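Let's work through a few exercises on helix packing and burial. Have the model open beside you as you go.

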Amino acid sequence: MAAGETTREEREQKARLDETFSQLYKAHLRDVYSYSYYRVGNHHDAEDLTEQTFLQAYRHFERAQRESDGRPLRPWLIRIAHNLAANYYRDRARKPQTSIDDAGVISAPHTTEALVEDRDDLKRILDGVEQLPGDRREALIMRFALGMDNREIARALGRTDGATKVLLHRSIKQLEEIVKQAEGPTEP
Amino acid sequence: MSDVADIESLLKLALSPVEPPKELEARLELTLGSLVGMAAEELEAWELSAMRDPRNWVRPVAAAAVGSGAAVGLVLVRTQRRRHKRRKEARGPVDLLSRTLRDFAREARRVADDVF
């Protein structure tokens, strides 16, 4: 009977775990999809990457929850997506087939679009983001597309908080330079 | 558009969150719910002692079948989703068939790796 009790307990534990995972999935589907989309540059592969991320996450969820010590699991999810995206490029030996803007972000209606005076600015920004080295591009995606703070980004990228702060600062500076160059020389 | 504040506000606009397609949401819920949760729960619910009695074999076998069915379904859906790309790249009907089979095998391996 004791063995039966243990089994029931384990079953209940698993049901609770599944429920928690379901909440995690609902809370962060958009984050994982947004991250995937900005990494691969098209909806088709972003869907695949999102699907793979959650399947991987489900497999390792119990351990991740145990080791998270109550901290949010979003950085862990994004780290899975980050690793899968790296595999995506390595295995298939390819780069994004279309630039992000071609895939529809700019053409999609932004709720605050009325505030933007010049759509070319957005295109230059996206082009600039694509020219950044991988870690800088990813840090910017995490900060601006997902709204992650320094600590979350640090956990997702496996860096210290300080190194992440420097990374973000340098990313923005480099992007600024790229955008300035794209704008051409300014008149005196 | 040259200072950092401008760049940051433009970054917020340029990198707006992207809503996942509804069909992805539905597919993921189906995959996570049926493929993993349901089959595992049913199989776990099968007391070890019941294995000795063939009358109790129906439920877990059905659960495994649901899991397998969902897995096959997932492979088919993923293979089907690449059909336009395959047609575009194929050099003829034989090549198209060969590409379809390769995609199917690849998706089957991926589902097996991810879930089981």
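Two exercises with worked solutions follow.

The model is predicted: local features need pLDDT of at least 70, side-chain atom pairs count only at pLDDT 80 or more, and totals for chains, interfaces and linings use all residues. Residues are numbered from 1 along each chain as its sequence is written, with chains lettered from A and ligands numbered from 1 in the order in which they are written.

**Exercise 1.** Describe how helix 4 and helix 7 of chain A pack.

Step 1. Helix 4 of chain A spans residues 119-131 and helix 7 of chain A residues 161-183; helices are DSSP runs (H or I, at least four residues), numbered from the N terminus.

Step 2. Their axes lie 9 Å apart at an angle of about 125°. Axes are lines fitted to C-alpha atoms over the stretch in contact, and angles run from 0 to 180 degrees between N-to-C directions.

Step 3. The two helices of chain A are therefore oblique to each other (not under 35 degrees, roughly parallel; over 145, roughly antiparallel; or 65 to 115, roughly perpendicular).

**Exercise 2.** Find the buried residues of helix 5 and helix 6 of chain A.

Step 1. A residue is buried if 20 or more other C-beta atoms, placed from the backbone, lie within 10 Å of its own.

Step 2. In helix 5 of chain A, the buried residues include A:E138, A:L140, A:R143 and A:F144.

Step 3. In helix 6 (residues 150-157) of chain A, A:E152, A:I153, A:A154, A:R155 and A:A156 are buried.

Step 4. Look just past each helix: A:G147 follows helix 5 of chain A with a positive phi of about 70°, and A:G158 follows helix 6 of chain A with a positive phi of about 70°.

Note on methods
Buried ≥ 20, exposed ≤ 12 C-beta atoms within 10 Å, placed from the backbone.
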